Amino acid sequence: METSLRYAGDSKSLVIHAKEKFPLNTFTHLQGHAELDTKIGAPTYLCAMIRQYFPDQYASLAVGVQYYRRQKLWYTVRGKKEFPVTANNSVNFHIKGKYDVDEKLLERKSRVAAEFTWDIMDVKKDQDVRLKVGYEVIEKVPYFQFSENNWTLTVNNIGKWKVKYCL
């Protein structure tokens with residue numbers, strides 16, 4: 001199970017995030033996510049989806065359901081495609097998208113992003129770094145992400161930020 005502590009500048013509490021993947025076959029798994037808000041002591045987000053990987057195309061596709069404490073039930077479709085830029089895959093270009101629709105099929109939300117990632121392995125002994133520069137296409141917002149082993153900091157140009165620590 002992957003667990004992390006998360007805090008964002010626009011939130012007022014620390015969130016505990018957990019994710020687990022249950023294999024269904026070689027390239028397909030059932031993926032579950034949950035978030036527990038430490039301020040209210042209750043789950044604020046639950047998600048279950050089936051994710052299919054296409055390793056020959058460096059891509060994945062997922063369908064599932066999400067539950068938000070305030071927005072209730074949503075159906076979701078997600079896709080990712082990776083284009084290696086360097087021969088050793090240290091620099092990659094990613095395109096990812098997400099489309100959500102509420103349980104009554106009335107309200108819709110979508111997100112599309114394009115990003116470059118640079119993975120720098122063994123900067124120092126046992127220290128790996130990832131730099132990510134991306135652009136949220138629909139909201140027209142560039143963002144930057146810096147990851148070092150367990151820590152991740154994400155910021156954008158409209159003042160939003162978040163920190164994640166993987167346990």
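Q: Buried means under 20% relative accessible area, exposed over 50% and partly exposed in between (1.4 Å probe, protein chains only); which of these describes Phe116?
A: This is a predicted model, in which local features need pLDDT of at least 70 and side-chain atom pairs count only at pLDDT 80 or more, while totals for chains, interfaces and linings use all residues. Residues are numbered from 1 along each chain as its sequence is written, and side-chain values use heavy atoms, with hydrogens and water left out. The relative accessible area of Phe116 is 45%, which lies between the limits of 20% and 50%, so Phe116 is partly exposed.

Q: How are the planes of the Phe93 and Phe116 rings arranged: stacked, edge-to-face or tilted?
A: Rings of Phe, Tyr and Trp (its six-membered ring) pair if their centres lie within 6.5 Å, and planes under 30 degrees apart count as stacked, over 60 as edge-to-face and the rest as tilted. The centres of Phe93 and Phe116 are 4.9 Å apart and their planes stand at 50°, so the pair is tilted.

Q: Which residue joins Phe93 and Phe116 in one aromatic cluster, and carries a charged end over its ring?
A: A charge sits over a ring if NZ of Lys or CZ of Arg is within 6 Å of the ring centre and within 35 degrees of the ring normal. The charged end of Lys81 is placed in this way, 4.9 Å from the centre of the ring of Phe83. The residue that forms one aromatic cluster with Phe93 and Phe116 is Phe83.

Q: How many residues apart in sequence are the parts tied together by the pair of Tyr7 and Trp161?
A: The rings of Tyr7 and Trp161 form a tilted aromatic pair, 6.0 Å centre to centre and with 45° between the planes. Strands are DSSP runs (E, at least two residues), numbered from the N terminus. Tyr7 lies in strand E1 (residues 2-8) and Trp161 in strand E12 (residues 161-166), so the separation in sequence of the parts they tie together, in residues, is 154.

Q: Which strand gives the most residues to the largest nonpolar core?
A: A nonpolar core is a set of buried Ala, Val, Leu, Ile, Met, Phe, Trp, Tyr and Cys residues joined through side-chain atoms within 4.5 Å. The largest one here has six residues, namely Tyr45, Cys47, Met49, Ala62, Tyr68 and Trp74. Both E4 and strand E5 (59-68) give two or more residues to this core, and the element that gives the most, with three residues, is E4.

Methods. Helix = DSSP H or I, 4+ residues; strand = E, 2+ residues; numbered from the N terminus.
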